[in-house]
Structures are given as structure tokens and as C-alpha cells.
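Here is a friendly tour to follow with the viewer open. Take each stop in turn, select what is named, and have a look around.

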Amino acid sequence: LFRSGEGNTNIFNDAAAAEENDAPCSILVAPRNLPSNVSLRDLNPTHIETLIGLRGLVVRTSKVIPEIRVAFFQCWGCRHTERSVVERGRIMEPVRCARCAKQYSYQLVHNMCL
């Protein structure tokens with residue numbers, strides 16, 4: 001991968017040099033030939049955390065503020081699941097797994113939340 005306008009400079013070397021100098025470094029990515037193209041009308045929660053292609057024209061943007069009432073967590077160690085009720089807009093993540101006793105091993109499963 002190379003940056004345009006700077007000759008044949010390898011961006012990975014640039015990123016390492018920028019990190020050493022505490023200088024900001026930006027990398028632009030333009031994926032092509034994605035495995036799936038989804039129409040905007042067919043977009044649904046199964047597409048969360050996946051790379052998909054979209055075609056369309058952006059007319060307006062806004063912030064998306066999800067309103068989860070019941071959060072669904074799964075332990076990445078033993079796959080134990082647990083639900084947590086959202087209180088005052090805060091999602092209370094379980095600290096310790098009830099089955100394997102690992103601390104902070106839960107991850108939020110977006111598709112199962114209510």
C-alpha cells in the first residue's frame with residue numbers, strides 16, 4: 001500500500017515513524033469487491049459489526065442513539081449468557097461470570113438486546 005502524492009512510500013513505515021514522533025497518521029481505505037451488497041431497505045441488525053457494501057445517496061445524517069431496555073451479554077470464555085436491565089440509560093455489565101468466574105469476560109450481543 002502506498003500514499004498518493006508522496007512517491008513510493010510504504011504507509012506502514014510512515015505509520016511506525018509517526019508513532020515514534022507522536023505525529024498523527026491517517027490511512028484511507030477503499031474496499032472493493034465486497035462479498036455482499038445490501039440495499040438500504042434490507043439493512044437490519046444482523047449486519048451489525050460486519051463489513052457490507054451499500055449503494056445510495058446520502059441526503060441527511062444524524063446520530064443514532066440506541067434505546068436498549070434489556071441488554072444481552074455472553075461470556076467469551078464459556079458462552080454463558082446473562083441479561084441485564086438498563087437503569088436510567090446505563091447498561092449494567094456483569095462483572096464476573098456466574099459459570100466460569102472470569103472477571104470482565106462478558107461482551108454485549110447486539111442482535112439479542114431488546
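## First stop: the cysteines

Counting disulfides in this predicted model gives zero. Select Cys75 to begin: Cys75 takes part in no disulfide, and the nearest cysteine sulfur, belonging to Cys100, lies 3.7 Å away. That distance does not count as a disulfide, because the two sulfur atoms would have to be within 2.5 Å. With 0% relative accessibility, Cys75 is buried.

Now select Cys100. Cys100 is in no disulfide either; here the nearest cysteine sulfur is that of Cys97, 3.6 Å away. Is Cys100 buried or exposed? Cys100 counts as partly exposed, because its relative accessibility is 31%.

## Second stop: the whole chain

Zoom out and colour by secondary structure. The chain contains one helix and five strands, and starting from the N terminus the order is α-β-β-β-β-β. Among the chain's 114 residues, 17% count as buried. The accessible surface totals about 10,100 Å², and carbon and sulfur atoms hold 51% of that. Of the contacts with a separation of 6 or more, 32% are between residues 24 or more positions apart.

## Third stop: the core

Select Ala71, Phe72, Phe73, Cys75, Cys97, Tyr106 and Cys113 together. These seven residues make up the largest nonpolar core. Which strand gives the most to this core? Strand E3, residues 70-75, does, with four residues. In soluble globular proteins, nonpolar side chains tend to be buried together.

Keep Phe73 selected and show what surrounds it. Beyond its neighbours within four places in sequence, Phe73 is in contact with residues including His80, Ile91, Met92, Pro94, Tyr106 and Leu108.

## Fourth stop: Gln74 and Ser105

Move on to Gln74, which is also in strand E3. Gln74 counts as partly exposed, because its relative accessibility is 21%. Try drawing a line from Gln74 to Leu108: they are 34 residues apart in sequence, while their C-alpha atoms are 6.6 Å apart in space. Setting aside neighbours within four places in sequence, the contacts of Gln74 include Arg79, Thr81, Ser105, Tyr106 and Val109.

Ser105 is a good next selection. Look for Ser105 in the loop that links strand E4 (81-85) with strand E5 (106-108). Ser105 is buried, because its relative accessible area is 0%. Apart from neighbours within four places in sequence, Ser105 is in contact with Gln74, Cys75, Trp76 and Cys97.

## Fifth stop: a surface patch

Switch on the surface and select Leu40, Leu43 and Leu54. Together they form a nonpolar surface patch with about 290 Å² of accessible area. Leu54 sits in strand E2, residues 53-54, and counts as partly exposed because its relative accessibility is 47%.

## Last stop: two positive phi angles

Most residues other than glycine have a negative phi. Two residues are worth a look here.

- Glu49 has a positive phi, near 65°. Find Glu49 in the loop between strand E1 (37-38) and E2; Glu49 counts as exposed because its relative accessible area is 68%.
- Ala101 has a positive phi near 65°. Find Ala101 in the loop between E4 and E5; Ala101 counts as partly exposed because its relative accessibility is 40%.

Note on methods. Residues are numbered from 1 along each chain as its sequence is written. This is a predicted model: local features need pLDDT of at least 70, side-chain atom pairs count only at pLDDT 80 or more; totals for chains, interfaces and linings use all residues. Side-chain values use heavy atoms; hydrogens and water are left out. A nonpolar core is a set of buried Ala, Val, Leu, Ile, Met, Phe, Trp, Tyr and Cys residues joined through side-chain atoms within 4.5 Å. Buried means under 20% relative accessible area, exposed over 50%, partly exposed in between (1.4 Å probe, protein chains only). Helices (H or I, at least four residues) and strands (E, at least two) are DSSP runs, numbered from the N terminus. Contact means heavy atoms within 4.5 Å. Patches are made of residues with over 30% relative accessible area and no salt bridge: like charges are joined within 9 Å, nonpolar side chains (Val, Leu, Ile, Met, Phe, Trp, Tyr) within 5 Å. Accessible areas come from the Shrake-Rupley method with a 1.4 Å probe; for residues, only the protein chains shown count as cover. A salt bridge is a side-chain nitrogen of Lys or Arg within 4 Å of a carboxyl oxygen of Asp or Glu.
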